[in-house]
Amino acid sequence: MSTNIESHLDETRLFPPSQGFSENARIGSRAAYDALYRKSIESPEEFWSAEAEELQWSRKWDQVLDWSKAPFAKWFVGGKTNISANCLDRHLDGPRKDKTAIIWEGEPGDTRTLTYAELHEQVCLFSNALKNNGVTKGDRVIIYMPMVPEAAVAMLACARIGAVHSVVFGGFSADSIRDRIADSGATAVITADGGWRRGSIVPLKHNVDEALNGQGAEQVARVFVLRRTEQDVAMQEGRDVWWHDAVAGASSDCPAEELDAEDPLFILYTSGSTGKPKGILHTTAGYMVGTYVSTKYVFDIRDDDVYWCTADVGWITGHSYIVYGPLANGATVLMYEGAPNQGTKEADWGRFWEMVQRHKVTIFYTAPTAIRAFIKAGEHFPEKYDLSSLRLLGTVGEPINPEAWIWYHKTIGGERCPIVDTWWQTETGAIMITPVPGAIPTKPGSATLPFLGVDAAIVDETGEETGPNEGGKLVIRKPWPSMLRTLWGDDDRYVDTYWKEYQEKGYYLAGDGARRDEDGYFWIVGRLDDVLNVSGHRLGTAEVESALVSHDTVAESAVVGRPDEIKGQGVVAFVTLKSGIEPNEDLNKELRNHVGKVIGAIAKPDEIRFTAALPKTRSGKIMRRLLKEICAGGKISGDTTTLEDFSVITSLQGKEEG
Ligand code: WT7
């Protein structure tokens, strides 16, 4: 299952939405989309402000966009609002008050539901608990939680009081938590005693304790601990407080803080091509408008929908399309704690489909890696269940192979549900390229056309738009409300990473390679930088390399991706050892675990190859391209004349064959 450009070039099948779907959709035809899109690009400020008016503001903005200090954008300048109030309070005056906001299911099978009124109360209680414990506006708060309603409550409570949350995915290590605490300067952490994942308990509190023992975390004054799995955890006197104790004495009255449109909302760390993860900063109003509008049109969300996005709140997809976007739309959101292949029974790949049937899910949004895993597990799992409640499917995170798309369409969607293949990034905050489901005929493997207000293009090195089917770099030519504002504490890196390449034109560089076909449809190929996409998650090769080099035995390492049937890309590490150290199986295992400990399980190399030397140019740069080619099959192409010592390659290839 390759995701390269060639395999898509002959993909011409076209899947228009059904007449029934289009008739009921907000945007029901290609012509309607074209007209709206044209208007949104000709007068973006008019488009975005009309949408923003559907939300609640305590003070209206004076100016929609201030781009005078580009690339530092200000949206809805002078406006005052609160995203927590827009996700909660806004719905309490009418019939949505008693509507289910969150249907939650734990991995062991326990369930809870919260109405909008109940979720509002929980958020107010915890907001006051935060305040009572000294957390105030502008403070950074780390959230390291399992997928339980309290994760959403914690985010919404921070947003309510103006504290800046930074959610750390529960699969990340203590070291990763510590890095994020240090970089963000967080003074509080919200966690749980543990969470359920594939039948075992993730020791979240234990990891936090370990993180707080190290340098850079001294300023953390408070740790809130939710009881979830009931196992013993150490509580440090004066620092740690149980969630239930913190809310026990708190008032349920907590008016939302009136925030400036540009007040920081959250920082979310994501991998870059060099160094430590980057703290993507999103601010209040633009992010709110972007996630609200995209959820409304892309999922064409309705009051009677049961919407399920299978992401974890630790990633941007969970932020934008489990919490903020759907709740701002007053939707009913299904939230699930565990893994798709572990229910109450061992490796039960029917768990998701049984949940779709039982909760009558209407909109289902997942990642290609999950779809490929379902294909491998077998059709007999979904076939056991009634999936007729589904009306719309979505995918995100990496290019979807046409084969997987067709399987999703037939086996899950019953050939009835449009599929929205949504391209976007942590940085973009909201969906950027996607079919609008009632309007755009889809092609398997293509994210199709830009979303309203999004000026996406494929350009060459000089910034000129490329012709049909010519590959190039994906850029966004105009600012959009939910764009990142900067990298936390590093404006220079923000400018360098995203804006320097097309500085004169003022284009945002997404870092992806792509092409547009003769119909203008976008086909995303993948990252152009040293960032891997493992199971839809971004992983910097440099991060894995520095994790490896931090081990006593390692002299040098080079990490590359190789095609992987399930994960999209797998991680291969070439490692040279310090002199006197002999490679063996135990060391191999130890190094893999070491990476897991330094970063998190998702970063563990699938394979470690010990080598006497790495291929380098005469100027000392590791030639990753050659290593990639070796991993993908061993054939070396292109120019190797700059290679310092060609025997390195021959010996690496020898290993491949032996
Ligand atoms: C990178 C962003 C946005 C939420 C999940 C990942 C790749 C994302 C698609 C898609 C092809 C995609 C890109 C992008 N990507 N969605 N529908 N088709 N590629 O967020 O971790 O910030 O990663 O994911 O390479 O740059 P992220």
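**Exercise 1. Is Lys597 buried, partly exposed or exposed, and what is its relative accessible area?**

Solution. The model is a predicted one.
- Step 1: Find the residue. Lys597 sits in helix 19, which covers residues 585-598.
- Step 2: Read the value. The relative accessible area of Lys597 is 48%.
- Step 3: Apply the cut-offs. Buried means under 20% and exposed means over 50%, with partly exposed in between. Lys597 is therefore partly exposed, at 48%.
- Step 4: Look at the partners. Neighbours within four places in sequence are set aside; Lys597 then contacts Ser173, Asp175 and Glu210.
- Step 5: Take one partner further. Asp175 is 422 residues from Lys597 along the chain, yet their C-alpha atoms are separated by 7.5 Å.

**Exercise 2. Describe the surroundings of Glu337.**

Solution.
- Step 1: Place the residue. Glu337 lies in the loop between strand 17 (332-336) and helix 13 (351-359).
- Step 2: Classify it. Buried means under 20% relative accessible area. Glu337 has 4% relative accessibility, so Glu337 counts as buried.
- Step 3: Follow the side chain. A polar contact of 2.6 Å links the side chains of Glu337 and Arg228. A polar atom of the Glu337 side chain also lies 2.9 Å from the backbone nitrogen of Glu107.
- Step 4: Widen the view. Beyond neighbours within four places in sequence, the contacts of Glu337 include Trp104, Pro146, Gly195 and Trp196.

**Exercise 3. Which residue shares a polar contact of 2.7 Å with the side chain of His359?**

Solution.
- Step 1: Place the residue. His359 belongs to helix 13.
- Step 2: Classify it. His359 counts as buried because its relative accessibility is 13%, and the cut-off for buried is under 20%.
- Step 3: Name the partner. The side chain of Glu105 makes this 2.7 Å polar contact with the side chain of His359.
- Step 4: List the contacts, leaving out neighbours within four places in sequence. They are Ile103, Glu105, Val306 and Leu334 for His359. Glu105 also appears among the contacts of Glu337.

**Exercise 4. Work out what surrounds the ligand.**

Solution.
- Step 1: Count the shell. There are 17 residues around the ligand, and Asp421, Thr422, Thr426, Asp512 and Arg538 come nearest.
- Step 2: Sort them by class. Six are nonpolar, six polar and five charged.
- Step 3: Check the atom pairs. A polar side-chain atom of Asp512 is 2.6 Å from a ligand oxygen. The side chain of Gln425 has an N or O atom 3.0 Å from an oxygen atom of the ligand. From Pro399, a backbone N or O atom lies 3.5 Å from a ligand nitrogen.
- Step 4: Judge the cover. The ligand taken alone exposes 560 Å², and the protein buries 95% of that.
- Step 5: Trace the elements. Helix 12 (316-328), strand 20 (419-422) and strand 25 (522-527) each give two or more residues to the shell.

**Exercise 5. Why does the protein count as compact as a globular protein of its length?**

Solution.
- Step 1: Count the elements. The protein has 21 helices and 30 strands.
- Step 2: Compare the radii. The radius of gyration is 24 Å, close to the 26 Å that the globule rule gives for 658 residues, so the protein is as compact as a globular protein of that length.
- Step 3: Add the extent. Along the principal axes, the C-alpha atoms fill a box of roughly 75 × 65 × 55 Å.
- Step 4: Look inside. Of the 658 residues, 61% count as buried.
- Step 5: Check the contacts. Among those between residues at least 6 apart in sequence, 71% join residues at least 24 apart.
- Step 6: Turn to the surface. The protein exposes about 24700 Å², and carbon and sulfur atoms supply 47% of it.

Note on methods. Residues numbered from 1 in each chain as written. Predicted model: local features only at pLDDT ≥ 70, side-chain atom pairs only at ≥ 80, totals over all residues. Heavy atoms only, no water. Helix = DSSP H or I, 4+ residues; strand = E, 2+ residues; numbered from the N terminus. Buried < 20%, exposed > 50% of the residue type's maximum accessible area, 1.4 Å probe, protein only. Contact = heavy atoms within 4.5 Å. Near = heavy atom within 4 Å. Polar contact = N/O pair within 3.5 Å; in protein donor to acceptor, adjacent residues only side chain to side chain. Areas by Shrake-Rupley, 256 points an atom, 1.4 Å probe, with all protein chains shown as cover. Nonpolar A, V, L, I, M, F, W, Y, C, P; charged D, E, K, R; others polar. Rg over C-alpha atoms; globule rule 2.2 N^0.38 Å.
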